[in-house]
Amino acid sequence: MRYPTAAQFLRTATPNVIRSYETALRTVRSPLVTRKDAWPKCRDQAQAIVEDCVATLNGDQPLEPAKVWQYSHLVGADRANQGIAVAESVRAVEVLWKAMQPTIRSAVQHEAPSRRTSALLLISAAFRSSSGSRLYAGAVGYGGASARASETLPIEDAAGGTSETASAHAACVALSRREKEVLERVAKAMTNSQIARQLGITTATVKRHLNNIYGKLDAVSRIDAVNKAFGRY
């Protein structure tokens, strides 16, 4: 089903959404906006996510997955090289979704009352898919850049002890295949229920895996676990 009126409203309002997004990021002092070298790519990613939502409402195909992967992978590597934690990318997606809410509510009001709920659900699904694929590709790019950087650093400090980077790497390696699968989906901003459905397990099992992950990574939250598994901290 197509929702052209809502799509047109969202497309027209995109500049306002990006301005609200930038303001919200500044409020939380995100380095993705306070650093001039990071903001252009952050803005591009946000605009692409909104455009994917517009395309989905129009019944069109979003950007090609290969192009999304390639660009987002480079963005992740770039953020790793700048020393920006991968958790900032996760937080940025949450900030963008909140920034879009007033516009989304107005957009769906331009559709017939009987179509508004389905239009809202479609936008939500498109946003999760678009942002999730970018988060995952970025996390992979981030992890690869961090791993390459760590290869040039000594594993032991001057006192002969193990560095935090080496400890985190060892902890990440200690994750089981299933735990890594769960954490990869956490990095895509998926809920426990969504992870459970995709992996064919129960939400209780997802929680058990997360508790194991927290213990192995010495993490205190989902974002902390993603940050410690894929980025510098």
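Which helices each supply at least two residues of the lining of the largest cavity? Keep that question in mind while you look over the whole chain, remembering that this is a predicted model.

**The whole chain**

Begin with a cartoon view of the protein, whose secondary structure comes to 11 helices and 0 strands. Coloured from the N terminus on, the elements therefore appear as an unbroken series of α entries, in the order α-α-α-α-α-α-α-α-α-α-α. If you then colour by accessibility, 45% of the 233 residues count as buried. Among contacts between residues at least 6 apart in sequence, 74% join residues at least 24 apart.

**The cavity**

Next, display internal voids: a search of the whole structure finds 1 cavity of 30 Å³ or more, and the volume of this largest cavity is about 230 Å³. To return to the opening question, select α3 (39-57), α4 (65-81), α5 (87-108) and α6 (113-150), each of which supplies at least two residues of the lining. The largest share, 6 residues, comes from α6. The lining consists of 21 residues in total, and to centre the view you can select Gln45, Arg79, Ser89, Val93 and Leu135, which lie nearest the centre of the cavity. Colouring the lining by residue class divides it into 13 nonpolar, 6 polar and 2 charged residues.

**The nonpolar core**

Now hide the cavity and turn to the largest nonpolar core, which has 59 residues; select Tyr21, Leu25, Leu96, Met100, Val182, Leu183 and Ile213, the residues that touch the most other members. Helix α5 gives the most to this core, with 10 residues. In soluble globular proteins, nonpolar side chains tend to be buried together.

Which residues does Val182 touch, not counting residues up to four places away in sequence? Show the side chains of Ile195, Leu199, Val206, His209, Leu210 and Ile213, and you will have its contacts on that count. Of these, Ile213 also appears among the core residues that touch the most other members, as does Val182 itself.

**Aromatic pairs**

Show the aromatic rings next, since a search of the whole structure finds 3 aromatic pairs. In one of them, the rings of Tyr21 and Trp39 have their centres 6.1 Å apart and their planes at 40°, so the pair is tilted. This pair links distant parts of the chain, with Tyr21 in helix α1 (residues 4-27) and Trp39 in helix α3, 18 residues apart. Both Tyr21 and Trp39 are buried.

Move on to Trp97 and Phe127, whose ring centres lie 4.7 Å apart with their planes at 40°, so that this pair, too, is tilted. Because Trp97 lies in helix α5 and Phe127 in helix α6, the pair ties together parts that are 30 residues apart in sequence. The two partners are worth viewing on a surface as well: Trp97 is partly exposed, with a relative accessible area of 25%, whereas Phe127 is buried, with a relative accessible area of 5%.

**A loop residue**

For the last stop, select Asn58, which lies in the loop between α3 and α4. Is Asn58 buried or exposed? The relative accessible area of Asn58 is 10%, and because buried means under 20%, this loop residue counts as buried. Around Asn58, show Arg2, Pro4, Ala7 and Arg11, which Asn58 touches when residues up to four places away in sequence are not counted.

Technical notes
Residues numbered from 1 in each chain as written. Predicted model: local features only at pLDDT ≥ 70, side-chain atom pairs only at ≥ 80, totals over all residues. Heavy atoms only, no water. 1 Å grid on protein atoms, 1.4 Å probe; cavity = no way out; pocket = protein on both sides within 12 Å on 5 of 7 lines; lining within 4 Å. Points joined across faces, edges and corners; volume = space filled by probe spheres on them. Helix = DSSP H or I, 4+ residues; strand = E, 2+ residues; numbered from the N terminus. Nonpolar A, V, L, I, M, F, W, Y, C, P; charged D, E, K, R; others polar. Core = buried A, V, L, I, M, F, W, Y, C linked by side-chain atoms within 4.5 Å. Buried < 20%, exposed > 50% of the residue type's maximum accessible area, 1.4 Å probe, protein only. Contact = heavy atoms within 4.5 Å. Phe/Tyr/Trp six-rings, centres within 6.5 Å; stacked < 30°, edge-to-face > 60°.
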